[in-house]
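Me: I have a structure to read and would like to go through it one feature at a time. Could we start with a term and then look at a case?

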Amino acid sequence: MTTVKEIRLKSRPAGLPTRDNFEVATATLRDPGPGEVQVKNLWMTVDPYMRGRMNDTKNYVPPFPLGQTLDGGAIGEITASKDPNFKEGDLVQSSFGWREGFTAPSASVEKLDAGGLPPQAYLGVAGMPGLTAYTGLLRIAALKDGDVVFVSGAAGAVGSVVCQIAKAQGRRVIGSAGGPEKVAYLQSIGVDHAINYKAETDLSAAVLEGAPDGIDVFFDNVGGSHLEAALDAARSFARFAVCGMISTYNATAPSPGPSNLRQLIGKNIRMEGFIVTHHLDLLPRFHEEMSGWVREGKVTSRETVFEGIDNAPDAFIGLFSGENTGKMLVKLA
Ligand code: NDP
């Protein structure tokens with residue numbers, strides 16, 4: 001493997017990204033030097049946060065430079081090694097996604113002990129999205145006995161894990177997602193009241209139908225009208241874990257704020273944003289608990305898979321029209 005295809009950012013998207021913003025390029029890999037490894041990528045992830053990095057604006061992660069290969073999580077297999085700690089065939093995790101392969105210092109990859117799970121689970125339920133769900137629900141929202149939980153973006157990578165962790169802890173869960181197939185999926189993972197938000201004219205009423213006495217926890221992946229509905233449906237002392245606001249990521253003008261934000265005051269609501277990488281101290285606990293839930297079948301992993309590096313931009317763009325149920329992945333080999 002000396003020639004690989006990779007995806008570069010050709011231009012910055014204005015609004016919804018299009019294929020024209022991306023270019024498929026070919027690169028030649030050098031042989032690994034001392035302390036280096038060569039890796040063939042098997043899987044790569046596409047995630048909504050990458051949209052923010054495509055803008056030339058200051059964010060919590062730096063913008064992707066134009067004309068250069070994008071990066072992001074990937075799982076690969078060592079094909080050549082000049083580090084005695086890595087041998088051919090070892091599975092590794094890296095941030096060198098969006099390419100079929102690479103040569104890099106061995107310190108920039110991490111050996112993967114898949115522990116009985118399929119390796120791509122480490123890009124989803126057992127990886128960053130899973131940890132995000134765990135952190136937001138258990139630490140930020142501080143889930144407790146008797147809580148009624150509302151999850152937006154409930155059929156996605158993060159949302160589906162939030163729903164399942166809450167169910168594993170015996171909570172009532174209301175989940176919102178786009179379309180009847182996603183509603184059926186939510187029901188299949190135990191969600192008590194699944195809403196197809198695309199078919200609702202009054203989202204607050206739809207939430208209250210599933211939670212007549214109101215909600216105690218809101219895990220928000222979407223923002224906009226979902227946040228407004230959650231404010232309306234919240235009980236006193238509700239906690240809102242603000243994980244994402246995907247409904248605004250392609251906005252070309254500032255999005256209006258929720259018209260009912262003052263409910264934070266009267267209802268004593270605590271609303272807190274978070275970035276998962278600030279909570280890596282939870283990793284050992286997360287791995288232990290998550291592997292238990294997965295073994296017991298309490299948390300299952302659903303994937304939507306695009307095949308081949310050429311289709312990686314479409315997989316990414318598809319996140320914004322809801323083409324995925326569960327984790328959106330690209331299978332590279
Ligand atoms: P998902 O797997 O949930 O994929 C995105 C989903 O968002 C789509 O499937 C679609 O589902 C929904 N969506 C897209 N556009 C809209 C819209 N305009 N209105 C409503 N829903 C929309 O992605 P992830 O699970 O990876 O991420 C979920 C959220 O969590 C994102 O906002 C992301 O930025 C955030 N995040 C935050 C992290 C943190 O550290 N704070 C870490 C990881 C993710 P549907 O068909 O239901 O509309």
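Reply: A polar contact is a pair of N or O atoms within 3.5 Å; within protein, one of the two must be able to donate a hydrogen and the other to accept it. Keep in mind that this is a predicted model. In it, the side chain of Asn41 reaches the backbone oxygen of Arg99 at 2.9 Å.

Me: Where is Asn41 found, and is Asn41 buried or exposed?

Reply: Strand E3, residues 36–45, contains Asn41. Buried means under 20% relative accessible area. Asn41 counts as buried because its relative accessibility is 1%. Leaving out residues up to four places away in sequence, Asn41 touches Ala74, Ile75, Gly76, Phe96, Gly97, Arg99, Glu100, Gly101, Phe102, Leu332 and Ala333.

Me: Which backbone oxygen does the side chain of Lys111 reach?

Reply: That of Asn85, at 2.6 Å. Lys111 is found in strand E7, residues 110–111. Partly exposed lies between under 20% and over 50%, so Lys111, at 45% relative accessibility, counts as partly exposed. Beyond residues up to four places away in sequence, Lys111 touches Asn85, Phe86, Asp90, Leu91 and Val92.

Me: How is a separation along the chain set beside one in space?

Reply: Take the C-alpha atoms of two residues. Lys111 and Ser255 are 144 residues apart along the chain, and their C-alpha atoms are separated by 42 Å.

Me: What does the domain assignment give for the protein chain?

Reply: The bounds come from an automatic or database domain assignment. Here that assignment gives domain 1 (3–124 + 301–331) and domain 2 (128–278). The contact between them takes 21 residues from domain 1 and 15 residues from domain 2. The C-alpha centres of domain 1 and domain 2 lie 29 Å apart.

Me: Where does the ligand lie with respect to the domains?

Reply: Look at which domains give residues to the shell around the ligand. Domain 1 and domain 2 both do, so the ligand lies between them. Of the 26 residues around the ligand, Lys182, Tyr197, Tyr249, Val276 and Asn324 come nearest. The shell divides into 16 nonpolar, 9 polar and 1 charged residues.

Me: Which backbone atoms lie 2.8 Å from an atom of the ligand?

Reply: A backbone N or O atom of Ala157 lies 2.8 Å from an oxygen atom of the ligand. Gly178 also has a backbone N or O atom 2.8 Å from a ligand oxygen. For Phe274, a backbone N or O atom lies 2.8 Å from a nitrogen atom of the ligand. As for cover, the ligand has 910 Å² of accessible area on its own, and the protein covers 91% of that.

Me: Which helices each supply at least two residues of the shell?

Reply: Helix H2 (128–140) and helix H3 (157–168) each do so. H2 is largely enclosed by the rest of the structure, because 10 of its 13 residues are buried. Among the buried residues of H2 are Pro129, Tyr134 and Ile140.

Me: What follows H2, and what is the sign of its phi?

Reply: Ala142 follows H2, and its phi is positive, near 45°. Trp98, not a glycine, likewise has a positive phi, of about 65°. The place of Trp98 is in the loop between strand E5 (91–94) and strand E6 (101–105). Asn268, another residue other than glycine, has a positive phi near 55°. Its loop runs between helix H7 (263–266) and strand E13 (270–273).

Me: Are Trp98 and Asn268 buried or partly exposed?

Reply: Trp98 is buried, with a relative accessible area of 0%. Asn268 counts as partly exposed, at 41% relative accessibility.

Me: Which loop holds Thr325, and what is Thr325 in contact with?

Reply: Thr325 lies in the loop between helix H9 (312–318) and strand E15 (327–331). A loop residue can be checked for burial by its accessible area: Thr325 is buried, with a relative value of 12%. Contact means heavy atoms within 4.5 Å. Apart from neighbours within four places in sequence, Thr325 is in contact with Ala155, Lys182, Tyr185, Arg302, Glu303 and Thr304. One of these, Lys182, is also among the residues that come nearest to the ligand.

Notes. Residues are numbered from 1 along each chain as its sequence is written. This is a predicted model: local features need pLDDT of at least 70, side-chain atom pairs count only at pLDDT 80 or more; totals for chains, interfaces and linings use all residues. Side-chain values use heavy atoms; hydrogens and water are left out. A residue is near a molecule or strand if one of its heavy atoms lies within 4 Å of it. Accessible areas come from the Shrake-Rupley method with a 1.4 Å probe; for residues, only the protein chains shown count as cover. Helices (H or I, at least four residues) and strands (E, at least two) are DSSP runs, numbered from the N terminus. Ala, Val, Leu, Ile, Met, Phe, Trp, Tyr, Cys and Pro count as nonpolar, Asp, Glu, Lys and Arg as charged, and the others, Gly among them, as polar. Buried means under 20% relative accessible area, exposed over 50%, partly exposed in between (1.4 Å probe, protein chains only).
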